[in-house]
Amino acid sequence: IDCIREGKSVIVRGPTSGGKTFAAMAAIDVILNTILKVVLLYCAPTDHLCLQTWASISKTFPRQKVAIVCGIFSYLPADATIYIGTPIETLSYIMTHQDIARLKGVPPVEFTIGIFDEVHTLSTTFADSAVSRIRSEAMGILLSFIKKQVVAISATIHDADLPLLSDFIKTQTGITSLETIVYGERPVPTTRFIWNGTDLAV
């Protein structure tokens with residue numbers, strides 16, 4: 001949290017349900033409320049994750065205008081300060097917006113901070129279809145629209161891929177310093193429940 005609050009770009013690898021997104025949001029909360037003219041992009045690979053995040057962020061930051069662009073739903077308020085979207089749909093929106101901005105002679109949308117959830121999907125190794133490969137490429141292109149700070153989070157980045165991912169993000173964004181944070185313990189232990197036919201058993 002401190003790294004993000006200080007404006008540092010980071011790759012965070014931690015366990016599923018380990019608080020990665022919460023930590024990012026807690027830090028971004030300070031940034032959004034103390035620095036003027038911050039425009040945030042939150043990118044996630046699936047519609048349901050974007051919708052979940054949009055609902056959460058809209059409640060967390062009620063004074064911000066929160067846009068969402070995904071495959072099943074879009075909401076684009078004027079002068080949005082937070083954009084949430086899936087890679088392909090968000091990239092399509094940005095490219096269209098840039099074309100319209102050029103025609104109108106107004107500045108195109110630019111993002112101060114980018115949060116990339118499930119950032120391991122940048123790798124086509126995880127692409128099991130043509131759509132998945134296009135999604136990976138779109139996420140890579142979206143990185144180039146981030147001007148100052150990147151927060152890349154995932155539970156499944158392999159050790160060998162961490163330096164490769166770091167180099168790729170630096171190349172796409174022009175950001176020269178990128179810290180890697182790895183942790184393995186959840187702040188709140190999870191409990192597994194199994195339905196036994198009549199009740200939930202631990």
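# A tour from the cavity outwards

Start inside: the residues that line the largest cavity sort into six nonpolar, two polar and no charged. (Ala, Val, Leu, Ile, Met, Phe, Trp, Tyr, Cys and Pro count as nonpolar, Asp, Glu, Lys and Arg as charged, and the others, Gly among them, as polar.) What you have open is a predicted model, where local features need pLDDT of at least 70, side-chain atom pairs need pLDDT 80 or more, and totals for chains, interfaces and linings use all residues. Residues are numbered from 1 along each chain as its sequence is written, and side-chain values use heavy atoms, with hydrogens and water left out.

**Stop 1: the cavity**

Select Leu41, Ala67, Val69, Tyr83, Ile84, Gly85, Thr90 and Tyr93, and you have the lining of the largest cavity on screen. A cavity is a set of points on a 1 Å grid over the protein atoms alone where a 1.4 Å probe fits but cannot get out, and lining residues have an atom within 4 Å of a point. The space in there comes to about 40 Å³. (Points are joined across faces, edges and corners, and the volume is the space filled by probe spheres set on them.) How many cavities of 30 Å³ or more turn up in the whole structure? The search finds one.

Now colour by element. β3 (66-69), β5 and α4 (87-104) are the elements that each give two or more residues to this lining. (Helices, H or I with at least four residues, and strands, E with at least two, are DSSP runs numbered from the N terminus.) β5 makes the largest share of the lining, with three residues.

**Stop 2: Thr90**

Stay with one of those lining residues and click Thr90, which you'll find in helix α4. Is Thr90 buried or exposed? With a relative accessible area of 4%, Thr90 is buried. (Buried means under 20% relative accessible area, exposed over 50%, partly exposed in between, with a 1.4 Å probe and protein chains only.) Show its neighbours next: leaving out residues up to four places away in sequence, Thr90 touches Leu41, Val69, Gly85 and Leu142. (A contact here means heavy atoms within 4.5 Å.)

**Stop 3: strand β2**

Select residues 40-43, which make up strand β2. Turn the view and follow the side chains: Leu40 and Tyr42 point one way, Leu41 and Cys43 point the other, and all are buried.

Now bring in the neighbours of β2. Show residues 82-85, strand β5, which pairs with β2 in the parallel sense over four bridges. (Two strands pair if DSSP finds at least two bridges between them.) Across this pairing, Cys43 stands opposite Gly85. Then add residues 111-117, strand β6: this strand also pairs with β2 in the parallel sense, over four bridges. Look for Ile113 in β6, the bridge partner of Leu40.

**Stop 4: the whole sheet**

Zoom out and trace the strands. They form an open sheet of eight strands with mixed pairing, in the order β4-β3-β5-β2-β6-β7-β1-β8. Which strands stand at the edges? β4 (74-75) and β8 (178-182) do, and each has a single partner strand, so one side of each is left without a neighbour in the sheet. As a bit of background, strands of a sheet pair through backbone hydrogen bonds, either parallel or antiparallel.

Go to the β8 edge and select residues 9-13, strand β1, which runs parallel to β8 and is joined to it by five bridges. Here Val12 has Ile181 in β8 as its bridge partner.

**Stop 5: the cysteines**

Go back to Cys43 and show the sulfur atoms. How many disulfides are there, counting a pair of cysteine sulfur atoms within 2.5 Å, in this model? The count is zero. For Cys43, the nearest cysteine sulfur belongs to Cys50 and is 6.7 Å away. For Cys50, the nearest is that of Cys70, at 5.8 Å. Cys43 is buried, with a relative accessible area of 0%, and Cys50 is also buried, at 0%.

**Stop 6: His120**

Next, select His120 in the loop between β6 and α5 (130-143). His120 counts as buried, with a relative accessible area of 13%. Now select Ser154 as well: the two are 34 residues apart along the chain, and their C-alpha atoms are separated by 6.3 Å.

**Last stop: the full chain**

Show everything again. The protein chain has six helices and ten strands. Of its 202 residues, 43% count as buried. Among its contacts with a separation of 6 or more, 66% link residues 24 or more positions apart.

Terms used: Disulfide = S-S within 2.5 Å. 1 Å grid on protein atoms, 1.4 Å probe; cavity = no way out; pocket = protein on both sides within 12 Å on 5 of 7 lines; lining within 4 Å. Points joined across faces, edges and corners; volume = space filled by probe spheres on them.
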